[in-house]
Each structure stands twice: as C-alpha cells, then as structure tokens.
There are 2 protein chains.
Amino acid sequence: MAVKRQKWSKDFGEWFRDVLINAGIMDYRYPIKGCGVWMPYGFKIRRNILQVLRDLLDNAGHDETLFPLMIPETSLAQESAHVKSFEGECFWVTHGGFEPLKVRYALRPTSETVIAPMLKLWIRSHADLPLKMYQIVNVFRHETKATRPILRMREVEPFKEAHTCHATSEEAEQQIHEAVELYKRFFDAVGVPYVVSRRPDWDKFAGALYTIAFDVLCPDGRTLQIGTVHNLGQNFAKAFDITYETKDGGQEHIWTTSYGISGRGIAAVLIIHGDDNGIVLPPKIAPIQVAVVPVPYKGKEEHVNEACRTVAAKLNDAGYRVELDLRGDLTPGNKFYYWELRGVPIRIEIGPRDLANRVVTIVRRDSLKKQTWKMDDVTAAVQTFAEEVTHDLKANAAAWMKERVYRVESLSEAKSLLKRKAGIVEVPWCGKDECGHSLEETVEARLLGFPEDTTEKVDGKCLVCGEKAVNVVRVALAY
Amino acid sequence: MAVKRQKWSKDFGEWFRDVLINAGIMDYRYPIKGCGVWMPYGFKIRRNILQVLRDLLDNAGHDETLFPLMIPETSLAQESAHVKSFEGECFWVTHGGFEPLKVRYALRPTSETVIAPMLKLWIRSHADLPLKMYQIVNVFRHETKATRPILRMREVEPFKEAHTCHATSEEAEQQIHEAVELYKRFFDAVGVPYVVSRRPDWDKFAGALYTIAFDVLCPDGRTLQIGTVHNLGQNFAKAFDITYETKDGGQEHIWTTSYGISGRGIAAVLIIHGDDNGIVLPPKIAPIQVAVVPVPYKGKEEHVNEACRTVAAKLNDAGYRVELDLRGDLTPGNKFYYWELRGVPIRIEIGPRDLANRVVTIVRRDSLKKQTWKMDDVTAAVQTFAEEVTHDLKANAAAWMKERVYRVESLSEAKSLLKRKAGIVEVPWCGKDECGHSLEETVEARLLGFPEDTTEKVDGKCLVCGEKAVNVVRVALAY
C-alpha cells in the first residue's frame with residue numbers, strides 16, 4: 001500500500017489541545033497550570049491502553065505494586081547525581097496541618113528513592129532475585145518550560161514505572177534488552193512507530209549508567225520521547241547500601257534497572273493516527289469499536305431503527321463494543337462528525353435503500369472509505385475491517401515516519417532539513433562529548449543518540465571533527 | 001448453620017499488622033509514618049476488590065475519571081465549613097523547585113473542591129444533568145492520632161470517591177438512596193456485614209446536609225467506618241456558583257452528593273473473615289482460588305506431581321485461578337501454612353493413597369474441614385465448595401455481628417456492654433445534640449447515628465432526658 005497521510009491543516013499543538021477537549025479526553029482548564037482532568041471518554045481510552053501495558057508486564061513476570069507518593073528529602077538526597085537533577089523541579093511539602101514538618105517531603109518525580117529503602121528490607125539473598133515490579137501512578141515535576149496537555153504536565157498522569165533488581169551486571173543488561181523488547185511490543189500493539197536510541201551521556205537519567213529511549217515523530221516534525229529504559233548499575237544499591245548474600249556466602253550490592261512510559265504513550269496514539277476530523281483509534285483500544293447510525297427518511301424511521309438495533313445486537317453478541325446511536329436531536333451528519341471526532345474505527349450506516357437491499361454501509365474511520373456489505377455478513381465484515389484498520393494504521397504511521405528519517409552527509413544538509421522540520425536526521429559522529437555539543441549547537445537541535453534498533457553500523461567520518469565515526473547519531477527537534 | 005467464629009488468640013491490632021506483612025499485602029515500614037506499600041499479593045487482592053466496585057458503579061451509570069491531586073488553597077477555602085474542617089489536617093505544598101509558590105497547594109483530603117471548578121465549566125443546562133462520576137485515587141490527611149496500616153493512614157490508598165450532580169433536591173435524595181443500595185451490594189459481594197446509620201449532625205462531612213455511614217464491627221469490639229454517603233445539598237454549588245439553565249429558562253444552583261469507600265473497604269474483608277492462621281478470602285476476589293499441593297512419599301514424587309499437574313490444568317481450563325505448588329524446598333505442612341496465611345479459599349491435596357483411590361482431598365480455608373472427593377469430579381467439587389465458602393463466610397460474619405448488637409434499656413447497661421467491648425449498643429434517644437453529647441460522655445463511646453437500614457422505629461424515652469425518643473441511636477467504640 002502506498003504511503004498515505006491525512007492532512008493536517010491546523011497547527012499541531014492547537015489541533016491536539018482542541019481534540020483533547022472536544023472529544024472528551026482531557027480538560028486542561030484546571031486552576032493549577034500543568035494539571036488536567038481525564039474525562040470519561042479519555043479515561044476509557046487510558047484504561048484500555050494501560051491494560052495492554054499491564055498484560056505485557058504481568059506476562060513477563062512483573063508484579064504490580066503501589067508505593068507512597070511522598071519522599072523524605074533525606075531519601076531523595078541519598079544518590080547524589082539523582083538529587084542534583086531533581087531537587088530543582090520537585091514540588092515540596094513543608095507543612096502538615098498548621099505545623100511545619102521536620103523533614104520536608106518531595107512529591108515523587110520518579111520512584112527510585114521511594115523503592116530503595118524497601119528493597120533494603122526485602123532483599124536478603126540471591127534467592128530473592130530477580131525482583132521485577134511496576135506501578136502506575138502520578139509523578140510531579142515543577143516544569144519551568146511551557147506546559148502542554150499530556151505532553152508536558154506538572155502532574156504527569158499516568159506514569160508507568162517498572163523497577164527490577166538483579167544479582168549480576170549481566171542479568172541487569174539482559175533485563176534492559178527485555179524491557180526494550182516489551183516496549184516495542186507495546187508500541188507495536190497500539191500502532192505507534194518509534195526509533196530506539198541510546199541517549200548521549202549528558203542526557204541520561206540522573207543516577208543511571210545509560211539510558212535507552214523511544215522517540216516518535218510528531219506531525220509537526222518534532223520528536224517526542226515516549227519511553228525510557230535505564231540501566232542503574234549499582235548506583236542506587238550503593239547509595240542505599242542494598243546487598244544480597246551470594247551463593248557462596250559473600251555480600252554483594254544488587255544491580256537495578258528502571259523503565260517508564262508516561263501519558264505520552266497515550267498521547268502518541270492520539271497524535272500519530274489523528275487527522276483534521278479528530279482522533280483515530282486502533283480497534284483493540286477503542287472504547288467504542290463500532291458506531292451504528294440510522295439514516296432514516298421520513299416515515300421510515302422505525303424500520304431503519306429496528307434494523308440498526310438488530311445489527312448492533314448481533315455485533316454486541318459477537319463481542320464487539322458497539323454504540324447504537326438513536327439520538328433524536330441530531331442529524332446523521334452530526335452523528336458522523338461526532339463519532340469521527342472520537343476516533344471510533346468503524347461506522348455502520350443503514351438507510352431505507354440499504355434496508356430494501358438487505359445491505360449496510362460500512363465506513364472506515366482511518367480512510368473514510370465507504371463500502372456496501374450484505375447485512376447478514378456484517379459480523380464477518382466488521383472483523384475484516386477491524387483487522388485492516390489495525391494493520392493500515394500501524395503500517396501507514398510507520399511508513400510515514402520512516403520516510404522522514406534522513407541519512408545526511410554534511411552538517412549544512414542536516415541543518416537545512418531540521419530547519420524546515422523535515423524529521424529526524426542521522427549524522428556520522430565520533431561519540432566525543434565536545435563534538436556532540438558542537439553538533440547540537442550547529443544544527444540547533446538535540447542528539448537522540450546512537451541507534452539501538454538496528455545492528456547496521458555506518459562507517460564514516462564524524463561530521464564535526466573528521467575522525468572515524470562510531471556510528472550515525474540521530475538528531476531531531478525534540479519536545 | 002450455627003454461628004461459628006474463629007478464635008482470635010492475638011490482640012487484633014497486632015494480628016492485623018503481622019498478617020499484612022507476612023501474607024505480602026502491605027509493608028508499613030516506609031520512612032514516612034502513615035504511608036505503606038501495597039505489595040504484589042496485596043495489590044492483586046486490591047485489584048479484584050476494586051473491580052467489584054468498578055463494575056457496580058459503571059453499571060449504575062457512573063463514569064470513571066481522574067482529577068488532579070493538588071488543590072489551590074483559594075479553592076479549598078471557598079466552602080467555609082469544608083475548609084475549617086480540613087485545613088488543619090492537610091499536607092501543604094509550598095515550593096516548586098527552589099521557588100516559593102504564590103498560592104500554596106493542599107494535597108487533596110477529598111475532591112469536592114477539585115471537581116467544583118470543573119463542574120462550573122461543564123454544566124450549562126438541565127440536559128447536562130444528572131452527572132455521575134467517580135475516581136479511585138490516594139487522599140492525604142495529616143493524622144495526629146496514632147496511625148495504623150490501612151485503617152488510619154496519612155496517605156489513604158485507595159480512596160474511591162463518587163461525585164454526582166442533580167437538577168433538584170429530590171433527585172439528589174434519590175441518588176443518596178441509590179448510593180446506599182450500591183454500597184450494600186458491594187459489601188454483600190465481599191461478605192462484609194455492616195450497619196447503616198445516619199451520623200449525628202456534629203459528625204457529618206464538612207459541607208454536607210447530612211452523612212449516612214456504613215460501619216462494621218471488628219473482632220476487638222470496636223467499629224470501623226467503611227463507607228460514607230453525603231448529601232451536599234447546594235452548599236458546594238453555591239460556594240462555587242455552579243448553576244444550570246432550567247427547562248423554563250431560569251438559572252438554578254445544582255444539587256450534589258458524594259460518597260466514598262477507602263482502603264478500609266479492603267481491610268474489612270481481611271479482618272472480618274480472618275483467623276489465627278491468616279486471612280480468608282471469598283473466592284470471587286481471591287487472586288488464587290485453589291492451591292494444589294502434592295503430599296508425596298519417597299519414590300512416588302513424580303506420580304503424585306503428575307496427578308497434581310493434571311488436576312491443576314483441569315481447574316485452570318474451567319476458569320479457576322489455580323496455583324500448582326511444586327516447590328521442592330518446602331514440606332507439605334509448610335505449604336499448607338503458606339496458603340492458609342494468604343487466605344486461598346480452597347486447597348487440594350494429593351498423596352499416594354489418594355492417587356491409588358483416584359480421589360483428592362479438598363480443604364476449605366474457612367472451616368479447615370477436609371473432604372475426600374473423586375478425582376474425576378474435581379471441577380464440580382471446587383464449584384460447590386467455592387459457593388459454600390462464599391455463602392458461609394458471609395453468613396457467619398453477618399450472624400457474628402448481628403449477635404453483637406444490643407438493644408439496651410439503661411445507660412448503665414450500655415456503659416457496661418461498651419466497657420467490656422461487647423459490640424454495638426442501641427439506645428433510645430430524643431435526637432437533641434445536648435443529650436447526644438451527654439450520652440457519649442456517660443458511656444465513653446461514639447454515636448454512630450440513627451439506623452438507616454431498617455424501617456423499624458423504636459418507641460420509648462430518651463435515656464438521657466426522659467423525653468420521647470425519635471428512635472434508638474447506635475453507640476460504639478469507634479476506630
């Protein structure tokens with residue numbers, strides 16, 4: 001299939017803000033900047049997407065847990081790189097009732113320092129390892145940059161964070177690999193394309209050995225970080241003195257990893273498949289998979305409504321999430337607009353002529369193409385269409401993004417591509433910090449890092465210093 | 001069936017703290033007092049119990065939503081009774097990063113004042129009503145009383161709070177009735193007995209017209225408030241000026257209600273069915289419904305294990321949540337202890353003699369009674385036992401509690417019953433505040449309120465002033 005892409009006639013940021021509120025996903029007008037309300041329809045999308053993530057993690061041996069929100073400053077300060085990075089963007093609780101607290105509490109910006117004191121209690125011996133947990137919570141960052149609904153919040157909601165503990169460095173490395181594979185499967189399941197890159201050292205998570213990140217390209221040519229995987233080595237284990245008894249009776253510090261996906265994982269689904277008419281949801285996560293809309297003429301209303309009821313009941317029995325739209329105060333056109341805005345993947349229309357011919361009209365939300373189908377075969381048709389929509393959403397988004405990754409041979413070419421927001425550029429780089437910083441300054445963009453999703457290695461010369469390149473590094477205008 | 005009650009040889013508080021950590025439910029040793037960690041097994045119990053609650057609310061037309069955690073002090077202060085009650089027990093966020101905030105934020109102690117500003121944006125006309133929402137979140141209270149795991153936390157987790165909006169006082173009243181019925185169905189589903197009482201005026205929710213509460217009796221003779229339903233009248237609507245256009249074009253303030261169940265709803269299940277061996281879970285909410293344990297003799301291990309595998313697979317196929325316990329480092333006795341502690345409702349044991357006779361031994365967790373059953377009929381047997389356990393847990397708990405509600409005819413009788421922690425006493429009361437306070441002082445206990453779960457009205461004289469009683473009032477040692 002040819003690469004097709006819906007038109008984006010609006011500014012992307014404006015489109016996103018509008019669609020969030022108009023489709024009933026998030027209301028961002030809360031009195032505190034950077035905090036939003038997940039509205040009923042948005043919450044249902046969130047529930048379904050998180051269920052995909054929960055199933056993946058549960059099946060891969062992770063236990064869901066729930067840790068406290070508040071962190072004593074003394075805990076946060078225990079890992080020095082960590083506290084330096086986060087203390088300036090924490091919200092601080094200083095009073096309980098009318099009394100000042102003896103030690104102030106940070107609202108978790110992430111939970112490594114919440115979990116560490118408990119790991120120290122729980123882990124005694126090698127038999128307690130590996131330990132794999134996750135929680136789905138809100139985290140808090142006092143952002144000084146402009147906030148944006150879901151994409152850059154002060155209350156980040158949801159934040160799925162996994163935390164694992166291992167006996168050896170090799171097992172932690174293996175877990176990093178597994179985490180990357182899990183996240184690929186998650187984004188594949190919701191049809192979101194990505195590149196996976198190892199962040200440059202200066203952009204890794206504070207307290208990590210290294211960070212691997214997932215980025216998606218937004219319609220405006222900027223990338224959005226949608227998932228991160230951190231190898232924490234023994235940094236937190238040493239800071240909190242978490243040790244285990246080895247098989248031969250010695251004491252060793254454990255090795256830990258953490259990996260997270262925030263509400264941006266949900267936003268990406270809405271953004272990457274959306275168009276001027278609204279969002280477009282993959283059937284697997286759509287709260288309503290099929291909307292059945294009567295298109296009656298005067299005098300024929302009851303026959304048409306009755307046929308719609310029958311079709312809706314049939315699809316419901318077959319296990320689809322169906323909405324039968326018999327609202328009397330809206331025209332069929334209003335209803336089409338309503339369900340398109342909300343991204344319902346399949347719409348079924350039945351009019352008097354359809355009824356006479358014992359057919360239905362099926363409309364795909366992604367392509368807006370209409371097809372006529374025998375009424376008796378409607379269940380099989382919906383199954384086929386649902387599979388096609390799932391496939392095409394993913395394939396189109398992937399092809400669209402792939403076309404926008406450019407291998408360049410000069411800095412001026414990189415700069416020009418980035419200036420016109422063409423996408424992601426790949427630049428041969430020697431890996432040295434000074435060349436990396438110079439590169440970012442020259443092209444006025446950010447290094448995403450060396451590719452982690454391909455074994456291909458590009459030979460060539462660093463476009464900054466001319467020395468042998470380690471590989472290409474991905475560069476983009478990053479949100 | 002006769003009222004039977006497990007023995008509680010330990011102090012109840014000690015039993016509860018121990019079972020929470022030993023069964024892997026909650027670890028309460030977090031560095032901040034009143035904050036706990038939901039551990040993997042506890043989280044699974046929590047998930048299942050909340051699913052029962054979600055299903056009930058979803059089916060009754062409530063939409064799940066999620067509102068922000070932080071409340072500007074200016075919002076909290078808008079309803080005067082509300083702020084007076086809560087400001088002294090809020091945690092206060094005063095700094096973002098290194099900068100003081102212009103207005104400090106409270107961590108929600110409850111969300112009426114979070115939701116109100118959004119309702120003002122959402123509600124325009126009578127067509128927007130009724131509106132029924134809920135969220136499952138954490139709430140925060142800087143408790144000055146001694147904290148206790150789950151029962152009295154500073155981070156209360158989970159807290160399910162529902163909020164509804166209505167056009168008339170009558171519809172709000174009707175919603176209160178529905179909410180009480182929903183909560184009855186919830187507690188019935190998890191086998192927790194309760195009394196429903198209308199709290200005296202001085203003990204209602206701050207900002208409400210009145211509060212109806214659910215209380216359960218704990219094994220130590222104290223009551224635990226496990227659910228509350230508040231009619232908020234137009235108090236919050238007026239404080240936040242939330243109006244709607246009526247059918248005839250006028251503007252009226254809306255009427256609101258709220259109702260909540262906290263982690264205590266989960267604790268109640270653990271407490272009320274538990275015994276010296278651990279917790280006992282109703283099958284519906286048990287993460288593991290059946291534990292299959294081989295009881296091998298030397299040389300027969302593989303045959304016995306194989307039979308266990310077959311039985312476990314069969315039950316799994318029938319839709320039960322089964323754990324096959326083939327751990328090699330534990331004796332069968334250790335395993336029995338392990339699963340009893342965790343409340344697994346049905347245990348199946350298979351030894352060489354069972355195998356020879358093609359039978360299994362089935363042990364009910366509640367009664368610890370053993371029965372032998374044909375191996376081929378194991379699925380039907382498990383179904384029967386699961387139904388019996390469900391029924392008996394509920395019936396025994398209800399009968400036990402009912403026996404401990406005493407109708408008294410003198411204050412000295414009431415005082416003596418309460419002194420020996422016998423249960424709940426019902427005392428004729430005229431309804432006047434001064435007599436109520438005097439009653440509480442005399443019997444050194446708390447008024448739960450007039451019964452709301454019976455239409456029976458007791459004629460008689462107030463035991464304090466001797467005037468005509470409105471009804472009996474329930475009095476108890478309340479947590």
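**Close-up 1. Strands E4(A) and E6(A) pair in the antiparallel sense.** Here strand E4 (70-72) of chain A meets strand E6 (residues 99-107) of chain A over three bridges; helices (H or I, at least four residues) and strands (E, at least two) are DSSP runs, numbered from the N terminus. Two strands count as paired if DSSP finds at least two bridges between them. Look for Pro72(A), whose bridge partner in E6(A) is Tyr105(A). Strands of a sheet pair through backbone hydrogen bonds, either parallel or antiparallel. This is a predicted model, in which local features need pLDDT of at least 70 and side-chain atom pairs count only at pLDDT 80 or more, while totals for chains, interfaces and linings use all residues. Residues are numbered from 1 along each chain as its sequence is written, chains are lettered from A and ligands numbered from 1 in the order in which they are written, and side-chain values use heavy atoms, leaving out hydrogens and water.

**Close-up 2. An open sheet of six strands contains strands of chain A and chain B.** Going across the sheet, you meet E4(A)-E6(A)-E5(A)-E5(B)-E6(B)-E4(B), with antiparallel pairing. At the edges are strand E4 (70-72) of chain A and strand E4 (70-72) of chain B, each pairing on one side only.

**Close-up 3. The two copies are related as by a two-fold rotation axis.** A turn of 180 degrees and a shift of 0.0 Å along the axis lay chain A on chain B with an RMSD of 0.0 Å; the superposition is by least squares on the C-alpha atoms of residues with pLDDT of at least 70 in both copies. In chain A, the C-alpha nearest the axis belongs to Val93(A), 2.1 Å from it.

**Close-up 4. Chain A and chain B meet through the same surface, because 100% of the interface residues of chain A are also interface residues in chain B.** Each chain brings 55 residues to the contact, which means heavy atoms within 4.5 Å. Between them the chains bury about 4600 Å², 66% of it on carbon and sulfur atoms; this is the accessible area (1.4 Å probe) that two parts lose on being put together, summed over both. On the chain A side, Tyr30(A), Leu66(A) and Met70(A) lose the most area to chain B, together 14% of what that side buries.

**Close-up 5. Helix H13 (residues 411-419) of chain A has Ala414(A), Leu417(A) and Leu418(A) as its buried residues.** Buried is under 20% relative accessible area, exposed over 50%, and partly exposed in between (1.4 Å probe, protein chains only). Ser412(A) and Lys419(A), on the other side of H13(A), are exposed.
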